[in-house]
Amino acid sequence: ALLGLALISAVVGMARPVASVVLPADYMTLVLAIDVSRSMLAEDVEPNRIKAAQAAVKDFIRELPPSIRVGVVSFAGAAQLVQGITDQRDELVASIDRFQLQRGTATGSGLLMALSTLLPNAGIDLEAAIYGQGFGGYGNYGSPAPASPPKAKPSFTQVPAGSYSSGAIVLLSDGRRTTGPDPLEAAKQAAQRGVRVYTVAFGTPNGFIPGYEGYSFYAKVDEETLQAIAKATEGEFFRAGNSNDLKQIYEHLSTKFALERRDTEVSALWAALSLVLLLSAGGLSVRWFRRQPWGQA
């Protein structure tokens with residue numbers, strides 16, 4: 001019976017089976033997309049949302065394994081690359097301190113900028129996606145320049161959602177999109193390229209900014225959109241109502257990104273199992289079928 005199982009195991013090993021296993025990440029790139037709209041001044045999170053987010057993000061960067069490189073994108077009324085992809089932790093931490101709050105919330109622009117930063121050669125027409133195909137700038141004396149002819153759409157090969165294993169995007173937002181492209185359309189582009197987007201809704205339902213520039217207003221988190229982005233890209237959605245929640249989320253993510261799931265050939269395991277079964281069968285056979293009974297001269 002053991003010999004038969006050994007032969008079966010050997011045949012399975014010869015078929016070169018593949019299994020999805022979790023292994024340490026040899027190389028990975030993360031792009032952080034952080035909301036820097038004025039609603040981040042809300043004080044429902046002490047001392048306010050932006051300061052708590054900056055502290056948590058900096059701790060997250062410091063705790064990442066050296067094998068993981070990071071880029072930083074900020075978005076408000078528009079999106080901008082704050083720090084290009086690097087493994088220099090000091091530069092990344094310094095970039096978080098350079099955040100400048102602005103009006104508006106262009107969540108879709110931030111996601112597209114992060115996607116273009118992660119995959120610069122993946123056929124993402126960033127200018128057309130954010131500004132539209134007719135964007136042509138301005139000519140002399142401030143007059144509109146003639147719109148440039150439409151560009152051919154960059155080509156790319158669509159892959160299954162969540163299949164890209166060399167990088168991911170972490171998007172933190174505390175508000176609802178007020179301008180820019182639809183974030184769900186941006187999520188669709190990420191999903192078509194296999195990139196997972198992990199979203200974090202930061203703040204409480206009653207976030208309130210008292211007396212800013214003569215006005216007071218509520219800053220409610222758009223959890224529904226962030227959940228939809230994570231679902232479409234096979235990522236995960238997290239909710240953080242205070243600085244401790246946010247810190248725990250980033251600690252969880254830092255552990256998650258230290259490992260990655262890969263399809264790995266496991267022929268060696270089947271071969272080892274076959275060898276163990278063969279040795280067991282041989283040992284038991286020698287013991288069972290001795291030429292002379294025990295104690296016989």
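**Exercise 1. Strand β6: enclosed or not?**

Task: Decide how far β6 is enclosed by the rest of this predicted model.

Solution:
- Step 1. Take the cut-off: a residue is buried under 20% relative accessible area.
- Step 2. Apply it to the strand. In β6, 6 of the 6 residues are buried, so the strand is largely enclosed by the rest of the structure.
- Step 3. Split the strand by face. In a regular strand, side chains alternate between the two faces of the sheet.
- Step 4. Check each face. Val 197, Thr 199 and Ala 201 are buried on one side. Tyr 198, Val 200 and Phe 202 are buried on the other. Both faces of β6 are covered.

**Exercise 2. The sheet and its edges**

Task: Give the strand order of the 6-strand sheet, then explain why β4 and β9 each have a side without a neighbour.

Solution:
- Step 1. Read the order: β4-β3-β2-β5-β6-β9. The sheet is open, and its pairing is mixed.
- Step 2. Find the edges. β4 (79-86) and β9 each have a single partner strand, so one side of each lacks a neighbour in the sheet.
- Step 3. Add the twist. From one strand to the next it averages 15°.

**Exercise 3. Two parallel pairs**

Task: Find how many bridges join β2 to β5, and how many join β5 to β6.

Solution:
- Step 1. Take β2 (residues 28-35) and β5 (residues 167-173). These strands run parallel and are joined by 6 bridges.
- Step 2. Locate a facing pair. Val 31 stands opposite Ile 169 of β5.
- Step 3. Move on to β5 and β6. Their pairing is also parallel, with 5 bridges. Here Leu 171 stands opposite Thr 199 of β6.

Task: Which strands do helices α4 and α7 touch as they pack on the sheet?

Solution:
- Step 1. Helix α4 (residues 107-118) touches β2, β3 (68-75), β4, β5 and β6 (197-202). Its direction makes about 160° with that of β5.
- Step 2. Helix α7 touches β5, β6 and β9. Its direction makes about 165° with that of β6.

**Exercise 4. Three residues, three settings**

Task: Classify Thr 29, Gly 235 and Leu 278 as buried, partly exposed or exposed.

Solution:
- Step 1. Thr 29 lies in strand β2. Its relative accessibility is 5%, so it counts as buried. Beyond four places in sequence, its contacts are Arg 69, Ile 85, Leu 118, Ser 166, Gly 167 and Ala 168.
- Step 2. Gly 235 sits in the loop between α7 (223-232) and β9 (237-240). At 19% relative accessibility, Gly 235 counts as buried, because the cut-off is under 20%.
- Step 3. Look around Gly 235. Leaving out residues up to four places away, it touches Arg 196, Val 197, Tyr 198 and Ala 230. Ala 168 is 67 residues away in sequence, with 8.8 Å between the C-alpha atoms.
- Step 4. Leu 278 belongs to helix α9 (residues 267-288). At 38% relative accessibility, it counts as partly exposed. Together with Leu 3 and Leu 7, Leu 278 makes a nonpolar surface patch of about 280 Å².

**Exercise 5. The whole chain**

Task: What share of the 297 residues is buried, and what share of the accessible surface belongs to carbon and sulfur atoms?

Solution:
- Step 1. Count the elements: 9 helices and 10 strands.
- Step 2. Buried residues are 41% of the chain.
- Step 3. The accessible surface is about 16300 Å², with 55% belonging to carbon and sulfur atoms.
- Step 4. Turn to contacts with a separation of 6 or more. Of these, 80% join residues 24 or more positions apart.

Definitions and conventions:
Residues numbered from 1 in each chain as written. Predicted model: local features only at pLDDT ≥ 70, side-chain atom pairs only at ≥ 80, totals over all residues. Heavy atoms only, no water. Helix = DSSP H or I, 4+ residues; strand = E, 2+ residues; numbered from the N terminus. Buried < 20%, exposed > 50% of the residue type's maximum accessible area, 1.4 Å probe, protein only. Contact = heavy atoms within 4.5 Å. Pairing = 2+ DSSP bridges. Axes fitted to C-alpha atoms, helices over the stretch in contact; angles between N-to-C directions. Patch = residues over 30% accessible without salt bridge, like charges linked within 9 Å, V, L, I, M, F, W, Y side chains within 5 Å. Areas by Shrake-Rupley, 256 points an atom, 1.4 Å probe, with all protein chains shown as cover. Salt bridge = Lys/Arg side-chain N within 4 Å of Asp/Glu carboxyl O.
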